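Here is a short lesson in reading a structure. Take a look first, then follow the dialogue.

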Amino acid sequence: MLTPFETSFTKVLNLTSDEALKRRFMVLDEPIQANMRFGLLLEVLDKVAEEAALSYVNRFYPEARVVTAAIDNIVVRNVTDMSRDVHFNARINQVGRSSLEIGIRVEQPGVPVRHIASCYFTMVARSGMGEEAVSVALPGLDYAEGIEKQRVEKALKRRTEYKQQQALLGEPPSQEEFEMLTGLHAAQDEPGFNGLLAGQLTADAWERMYPEQENVPKKIFGGYLIRRAYELSSICSEQVAPNRPIAAAVNRINFFYPVRMGDTLHYTTRVVYTNGSFICVEANIERISRDKATKALSNSCLFTFVNVDEELNRQPVPVVYPANYGEDARYLMAHRSCQTLIEDGEAV
Ligand code: GDP
């Protein structure tokens, strides 16, 4: 049996020595703060998680592949400094029957080391193609060391917490939440109301999937999809941000259905919630198969942005108003999801 330590995998982005690479990751060709393209960082993370998982899975099943099932919340602890390299230290934290939790610590070496984020990916090992694909049973790891045992516990806790949160989604609002929503609706009935309506703060895009984006045979690279979803969400958030919205957290990303070559994708993003300097944007990706026979939600993401000035000081954003049942539900879901992130108080 391997230990988690023996599954370690590191990827380095050489921003200090590779000018072309650095330029590819820049938001602007100017020396601004927080100049790293966060969407592209997510794309790299997904690839790193896949490689870390695959090198384990392929020891036992050389033909198997891994797919991303979910990405747990990612809180951005510090913005990336473009004058330092970025290290992605990945390791398997826990192995279930056919799923693996990959932990990735993103940091920048230097004194002191700069911690960018800690990320947790749930990957699933699959074998076979198309309809024939099945999950494969994986041998477990030997969690010998104290920290490895702790990480297993944390991985299981993350899973339970997510299930609890999902169960909560179906729950009616609490008294306090109900009053919050009632207040938002009452404001819209006031004469002269000129607040921002959530229903109008949307952006959408269409895209066709080409072989260029292919990852595992016939499927499309998940990292590419979340980058696109993030970039559109960022554009969407600019409709409410008076200053500059930058990534504060990824609340959650779920992959429901694989995207295939030839699919047409419809990305829809909407501002669902704001609070102080924070803006939550929901992004959904719907896939339409080439023969138009299948239409399915392939991916859903919730991103939190923080509105900042040039020195990265947080600046307030206006309130957004949900106007119907669906918007209320999304508002509440983001409100609940953000409470923990904001309470953590460690976001950028
Ligand atoms: P933790 O998960 O609460 O211990 O938070 P950390 O920020 O320390 O680490 C995040 C994840 O990155 C861990 O769960 C590990 O899977 C992985 N990781 C942490 N440190 C290292 C390291 O030194 N090398 C490698 N390869 N992976 C690491």
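What follows goes through the ligand site, the domains and two backbone features.

Q: What should I know before I start?
A: This is a predicted model, where local features need pLDDT of at least 70 and side-chain atom pairs count only at pLDDT 80 or more, while totals for chains, interfaces and linings use all residues. Residues are numbered from 1 along each chain as its sequence is written, and side-chain values use heavy atoms, with hydrogens and water left out.

Q: Which residues come nearest to the ligand?
A: A residue counts as near if one of its heavy atoms lies within 4 Å of the molecule. The ligand has 13 such residues around it, and Arg-105, Ser-118, Tyr-120, Arg-151 and Lys-154 come nearest. By class, the shell has four nonpolar, five polar and four charged residues. Here Ala, Val, Leu, Ile, Met, Phe, Trp, Tyr, Cys and Pro are nonpolar, Asp, Glu, Lys and Arg are charged, and the others, Gly among them, are polar.

Q: Where does Ser-118 approach the ligand?
A: Look for a polar contact, a pair of N or O atoms within 3.5 Å. A side-chain N or O atom of Ser-118 is 2.6 Å from a ligand oxygen. Tyr-120 also places a polar side-chain atom 2.6 Å from an oxygen of the ligand. Gly-103 uses a backbone N or O atom, 3.3 Å from a ligand oxygen.

Q: Which element gives the most to the shell around the ligand?
A: Helices (H or I, at least four residues) and strands (E, at least two) are DSSP runs, numbered from the N terminus. Strand S4 gives the most, with four residues.

Q: How many residues of each domain are in contact?
A: Domain bounds come from an automatic or database domain assignment. Here they give domain 1 (4-151) and domain 2 (173-344). Contact means heavy atoms within 4.5 Å. On that basis, 27 residues of domain 1 touch 31 residues of domain 2. Their C-alpha centres lie 23 Å apart.

Q: What is the peptide bond from Val-111 to Pro-112, cis or trans?
A: Most peptide bonds are trans, and most residues other than glycine have a negative phi. The bond from Val-111 to Pro-112 is cis, with omega near -10 degrees. Pro-112 sits in the loop between S5 and S6. Ala-34 is not a glycine, yet its phi is positive, about 50 degrees. Ala-34 lies in the loop between helix H1 (19-25) and helix H2 (38-60).

Note on methods
A polar contact is a pair of N or O atoms within 3.5 Å; within protein, one must be able to donate a hydrogen and the other to accept it, and residues adjacent in sequence count only if both atoms are side-chain atoms.
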